[in-house]
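User: Please take a close look at the salt bridges of this model. I would like a connected account of the charged pairs, their placement and their exposure.

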Amino acid sequence: MKKRLYLELENCIGCRSCLAACTQCGGHEERNRNYVYDVNPLVNRQTMPLMCLHCVNPACARSCPAQAIQIHETGAVLSALVEKCIGCQNCTIACPYGIPKFDTEQNLMYKCDLCIDRTKDGIPPMCASVCPSNTLQWLTDEEIEAKQKQFNLDNGKWVTSMPYLEGETNVKVNLPGILQGVTKLF
Amino acid sequence: MQANIATNKETGRSVNHAFASHFAKSMFLTVVGIAILMFIGTRMFTHIDLNLYGYMVGTIVFIGGFFYRFIAWGERPPTKIIIKKGLKLLLRKSTPKTAVNHLAIYDFIRNRGLYRWVQHILIGWGCVLACLVTFPLVFSWMYFTMEDNGYYTIVLFGMNVMHVKAEGIIAWFSYNALNIAAIMVTAGVCMALYRRLSNMQARAEQKFMYDFLPLYLLLFISITGLLLTFQNIVLHGWMQPQMSLIHQFSVIVTLIYLPFGKLAHIPFRPMSVFARNYREHYGEQQMKECKVCGDHFVSVEQSNDVIQVLGVNDMEFNMQDGFNLAELCLPCRRKYRISRFSGFATHQVKVKEANQNAKG
Ligand code: HEM
Ligand code: SF4
Ligand code: SF4
Ligand code: SF4
C-alpha cells in the first residue's frame with residue numbers, strides 16, 4: 001500500500017525530534033535537512049515544521065544544470081548525487097520553499113530525500129516515525145482524504161494545499177484548525 | 001499539466017534535432033581528428049600495433065556515446081546557461097587555481113572526509129595515469145624503440161623525445177606505469193566497496209547499474225591488467241593472449257558504459273569550474289537584495305537566470321505581495337511559507353531563524 005508523508009502543521013509542539021531524527025537517516029552524515037519555525041516568536045509558542053514537499057514537478061531538479069537531483073520512482077525528489085553536483089546553488093534559489101541546504105566547504109547541496117533508504121521499502125521516514133505530536137504522519141491516500149474532509153474548514157483559510165501551494169506535491173499538508181479555535185479530535 | 005506535456009514534446013524534438021546536426025558533426029570532426037593524429041603519430045601508418053585494434057573500436061564507440069549524452073544534456077536550459085556563461089568567463093584570473101583545486105586535488109572532497117578523498121585520489125589519478133599511457137599507445141601517438149646499446153627511445157608523434165637507459169629509473173616507471181595505476185585503482189575501489197559494507201550512511205540509495213557496476217568494471221580492468229604482468233614475469237607468458245583479450249574486452253565495456261552511468265561525472269566535472277566562475281564573477285558585479293530583509297544572498301544575474309529557467313518550465317513563483325519567490329533569501333522564503341500556512345506574517349518579524357541544526 002503506497003503511503004505518503006502527511007503534515008498536520010498546528011499539532012507541532014516544537015520539540016525538534018524530527019530534526020534530531022533526520023540527522024540519523026542513511027547518507028545524511030549527521031546533518032538534518034528539515035526545519036521547525038516559531039510562527040509568531042515574540043507573542044506565542046505555536047511552531048510549525050517545514051519540510052521538502054517533494055513537488056511533482058520539482059523546481060530544484062528543473063533548475064539543476066548537472067542533473068544531480070534525481071526523482072525516485074516513488075516520487076521522492078532525492079538529494080544531489082555527490083559526484084554530479086557542481087555547486088552552482090541554482091536549486092536553492094529555485095525551490096519555492098527554500099528547502100535545499102548548501103555546504104560551501106564540500107561544494108555540495110543536500111536536501112530531504114524522504115529517507116529513501118527506508119521509504120523505498122515502505123518503512124516510514126525518520127521524522128514521521130519519531131514525531132510525538134502526530135504532526136508528521138505516514139498515511140495512505142484514503143486516510144489522507146478522510147483527514148482532509150475532517151479538517152476542511154471551508155472558510156478561505158485552507159492554504160496548505162492546491163491552489164495555495166506553488167505546485168502539486170507528493171507530501172500532503174493540512175491544518176487541523178487549532179489556530180482558529182477548532183478543538184482537535186484525533 | 002497540458003502545458004507541461006507540450007513543453008516535453010518540444011525538448012524531445014530539439015534533442016533529435018541535435019542528434020541530426022551537432023551530433024553527426026562532432027562525431028565526424030573527432031574521428032577525422034583522431035585519424036589525422038594517427039597518421040602523423042604512426043609516420044604514415046607504418047607503426048600500428050594491431051594488438052590494440054579492439055581499443056580503437058571501443059574508443060570510437062565511446063566517443064559516439066559521449067557526444068550523444070553531452071549534446072542531449074547541453075540542450076537543457078540551465079545547462080545551456082552555465083556552459084555559455086562559463087565559456088565566456090574562462091579567462092578569469094582565478095580559473096587555473098579553481099581548476100587545479102576542483103579537478104586535480106579535489107579539496108572539496110577532502111572536506112567530505114579524508115577517507116573519501118584518499119579513495120578518490122587513488123581511483124581518479126590511477127585512471128588518469130592509465131589513460132595517459134594507454135591512449136597514446138593505442139593510437140600510436142607514442143611508442144618505444146629498442147636500440148642495441150641498451151637504450152630505449154620514446155617516440156611521441158614521430159619525434160624522438162627521450163632516450164633512456166633500459167635499466168634506468170625512468171624506463172622502470174614507463175614499463176610499470178600501468179601496473180602502478182592498476183594497484184592504485186584496485187586499492188581505491190576496495191576502499192569504496194568497504195565503505196559501502198561498513199558504513200550504513202554510504203548505503204542510502206544504490207542501484208546495481210549505477211553504483212556497483214562502475215566499481216566492479218574498474219576492479220575487473222585493474223585485476224586483469226595486473227594478471228597480464230604476472231603471467232609475463234612468473235608464468236613466462238602462459239595464456240597471455242587470452243588474458244589480453246579479456247582485459248581489452250573489460251576496457252571496451254567500461255568505455256561504452258562510461259557516458260551513461262556514474263562515471264559520466266568525469267567528462268562533465270569541469271563544469272564545476274564554470275559554476276564557480278559564474279558565481280564569483282556575477283557576485284562581484286551586483287548582488288541581489290532579499291525583498292524582505294535586504295540581505296545580499298545571490299548575484300542578480302543568477303537570480304534572473306533561475307527565474308528564466310523556471311519560466312521555460314512553466315513555473316512562475318510571482319506572489320501577490322509583489323515579489324518572485326526567487327527574490328527572497330532562504331530564511332525569509334521559508335518564513336514566508338510559514339506565513340502562508342498560518343495566516344500570520346512570520347517573515348515580517350525581525351527575529352533571526354534559530355535552532356535549526358540538530359547536532360546529531
Ligand atoms: C575531473 C576530475 C574528477 C572530479 C572533479 C571527480 C569528482 C568526483 C566526486 C565529487 C565524487 C564523489 C566523491 C564523494 O563524495 O565521496 C566522485 C566519485 C567517483 N569518482 Fe570521480 N572525479 C573526477 C575524475 C574521476 C576519474 C578520472 C575517475 C576514474 C574512473 C573517477 C571515478 C570515480 C568513482 C568510481 C567514484 C565513485 C566513488 C564511490 O562510489 O564511492 N573520477 N568523483
Ligand atoms: S519543495 Fe523544494 S526542494 Fe522539495 S522537491 Fe519541491 S522544489 Fe525541490
Ligand atoms: S547546487 Fe548542485 S544540485 Fe543544486 S542545482 Fe547546482 S549542481 Fe544541481
Ligand atoms: S523524510 Fe527523512 S530526510 Fe526528509 S526531513 Fe524527514 S527525516 Fe529528514
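Analyst: In this predicted model, A:Asp103 is buried, since its relative accessible area is 13% and the limit for that class is under 20%. The side chain of A:Asp103 meets that of A:Arg31 in a salt bridge, with 2.5 Å from N to O. This contact links distant parts of the chain: A:Asp103 belongs to strand β6 (residues 101–103) of chain A, A:Arg31 sits in the loop between α1 and β2 of chain A, and 72 residues separate the two. A:Arg31 is partly exposed, because its relative accessible area is 21%, and that class lies between 20% and 50%.

The loop between α1 (17–22) and β2 (35–38) of chain A also holds A:Glu29. A:Glu29 forms a salt bridge with B:Arg116, and their closest N and O atoms are 3.3 Å apart. B:Arg116 lies in helix α6 (residues 114–138) of chain B, so this pair joins two chains. In exposure, A:Glu29 has a relative accessible area of 35% and is therefore partly exposed, whereas B:Arg116 counts as buried because its relative accessibility is 14%. The pair is also part of a network of salt bridges that links A:Glu29, B:Arg116 and B:Arg195.

A further salt bridge is found in chain B, between B:Arg110 and B:Asp107, with 2.5 Å between the closest N and O atoms. Both residues belong to helix α5 (residues 107–110) of chain B; they are three residues apart, so about one helical turn separates them. B:Arg110 counts as partly exposed because its relative accessibility is 35%. B:Asp107 is likewise partly exposed, at 25% relative accessibility.

Over all chains, the count comes to 17 salt bridges, and the pairs described above are among them.

The cysteines complete the picture of side-chain contacts. The structure holds zero disulfides over all chains. For B:Cys131, the nearest cysteine sulfur is that of B:Cys127, 6.4 Å away, and B:Cys131 is in no disulfide; the criterion requires sulfur atoms within 2.5 Å. B:Cys131 is partly exposed, because its relative accessibility is 36%, while A:Cys115 counts as buried at 5%.

Cysteines also appear around ligand 2. Of the 14 residues around this ligand, A:Cys52, A:Cys55, A:Cys60, A:Cys95 and A:Lys111 come nearest. By class, the shell has twelve nonpolar residues, one polar residue and one charged residue.

How values were computed: Residues are numbered from 1 along each chain as its sequence is written. Chains are lettered from A and ligands numbered from 1 in the order in which they are written. This is a predicted model: local features need pLDDT of at least 70, side-chain atom pairs count only at pLDDT 80 or more; totals for chains, interfaces and linings use all residues. Side-chain values use heavy atoms; hydrogens and water are left out. A residue is near a molecule or strand if one of its heavy atoms lies within 4 Å of it. Ala, Val, Leu, Ile, Met, Phe, Trp, Tyr, Cys and Pro count as nonpolar, Asp, Glu, Lys and Arg as charged, and the others, Gly among them, as polar. Buried means under 20% relative accessible area, exposed over 50%, partly exposed in between (1.4 Å probe, protein chains only). A salt bridge is a side-chain nitrogen of Lys or Arg within 4 Å of a carboxyl oxygen of Asp or Glu. Helices (H or I, at least four residues) and strands (E, at least two) are DSSP runs, numbered from the N terminus.
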